[in-house]
Amino acid sequence: MSVHKDLIKHAENQHKLYQEFLALDELREKYIAEAIELCKQGKPFSTDKINEVTNKMNKINLRIVPLRKNVTIEMVQEYVNSL
């Protein structure tokens, strides 16, 4: 019975971590969209918030999702120029 409880606890913990990861991923996408919009308008922007969230995501040790890359200003500019 103890093993069963341990497995349930582990599954609940994994689910909690995954939900946290999804919330951070949504926030990261929001920050990326904001940076893209500012870049399109020729306004100054930073990738600091994007990378702060990215680093938090990468610290959540989920083997089912790949690590996210940090975003540079150049990456945003290249993307906007490709549109």
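Tyr18 is partly exposed in this predicted model, with a relative accessible area of 30%. Tyr18 belongs to helix α1. Together with Leu22 and Ile64, Tyr18 makes a nonpolar surface patch of about 280 Å².

**Nonpolar core**

The largest nonpolar core has 17 residues. Within this core, the members that touch the most others are Phe21, Ile50 and Val76. Three helices, α1 (2-40), α2 (48-59) and α3 (73-82), each supply at least two residues of the core. Helix α1 gives the largest share, which is seven residues. In soluble globular proteins, nonpolar side chains tend to be buried together.

Ile50 has contacts with Arg28, Tyr31, Ile32, Ala35 and Val71, when neighbours within four places in sequence are left aside.

Val76 sits in helix α3. Val76 counts as buried because its relative accessibility is 5%, and the cut-off for buried is under 20%. Beyond residues up to four places away in sequence, Val76 touches Ala35, Ile36, Cys39, Phe45, Thr47 and Val71. One of these, Ile36, is 40 residues from Val76 in sequence, yet the two C-alpha atoms are 6.2 Å apart in space. Val71 is in contact with Ile50 and also with Val76. Ala35 likewise touches Ile50 and Val76.

**Two buried threonines**

Thr47 and Thr54 are treated together here, as each has a side chain that reaches a backbone oxygen.

Thr54 is part of helix α2. Its relative accessibility is 0%, so Thr54 counts as buried. The side chain of Thr54 reaches the backbone oxygen of Ile50 at 2.8 Å; Ile50 is one of the core residues that touch the most other members. Outside the range of four places in sequence, Thr54 is in contact with Arg28, Arg68, Lys69 and Asn70. Arg28 is also in contact with Ile50.

Thr47 is placed in the loop between α1 and α2. With a relative accessibility of 7%, Thr47 is also classed as buried. The backbone oxygen of Val71 is reached by the side chain of Thr47 at 3.1 Å. Not counting neighbours within four places in sequence, Thr47 has contacts with Val71, Thr72, Ile73 and Val76. Val71 thus appears both as the partner of the Thr47 side chain and among the residues in contact with Val76.

**Salt bridges**

Across the whole structure there are five salt bridges. Side chains of opposite charge can pair when their charged atoms come close. The table gives three of the five, with the N to O distance for each pair.

| Pair | N to O distance |
|---|---|
| Lys30 and Glu34 | 3.9 Å |
| Glu34 and Lys49 | 3.7 Å |
| Lys56 and Glu52 | 3.9 Å |

Lys30, Glu34 and Lys49 are linked in a network of salt bridges. Within that network, Glu34 pairs with Lys30 and with Lys49. Lys30 and Glu34 are separated by about one helical turn, because they are four residues apart in helix α1. The pairing of Glu34 with Lys49 crosses between helices: Glu34 lies in α1 and Lys49 in α2, so this pair ties together parts that are 15 residues apart in sequence.

The three residues of the network are each classed as partly exposed: Lys30 at 47% relative accessibility, Glu34 at 32% and Lys49 at 45%.

The pair of Lys56 and Glu52 stays inside a single helix, with both residues in α2. They are four residues apart, about one turn of the helix. Lys56 is partly exposed as well, at 44% relative accessibility.

**Links between the parts**

Several of the elements described above meet in these contacts. Helix α3 holds Val76, which touches Thr47, a residue of the loop between α1 and α2. Helix α2 holds Thr54, whose side chain reaches the backbone oxygen of Ile50. Helix α1 supplies seven residues of the core, and Glu34 of that helix pairs with Lys49 of α2.

Note on methods
Residues numbered from 1 in each chain as written. Predicted model: local features only at pLDDT ≥ 70, side-chain atom pairs only at ≥ 80, totals over all residues. Heavy atoms only, no water. Core = buried A, V, L, I, M, F, W, Y, C linked by side-chain atoms within 4.5 Å. Buried < 20%, exposed > 50% of the residue type's maximum accessible area, 1.4 Å probe, protein only. Contact = heavy atoms within 4.5 Å. Patch = residues over 30% accessible without salt bridge, like charges linked within 9 Å, V, L, I, M, F, W, Y side chains within 5 Å. Areas by Shrake-Rupley, 256 points an atom, 1.4 Å probe, with all protein chains shown as cover. Salt bridge = Lys/Arg side-chain N within 4 Å of Asp/Glu carboxyl O. Polar contact = N/O pair within 3.5 Å; in protein donor to acceptor, adjacent residues only side chain to side chain.
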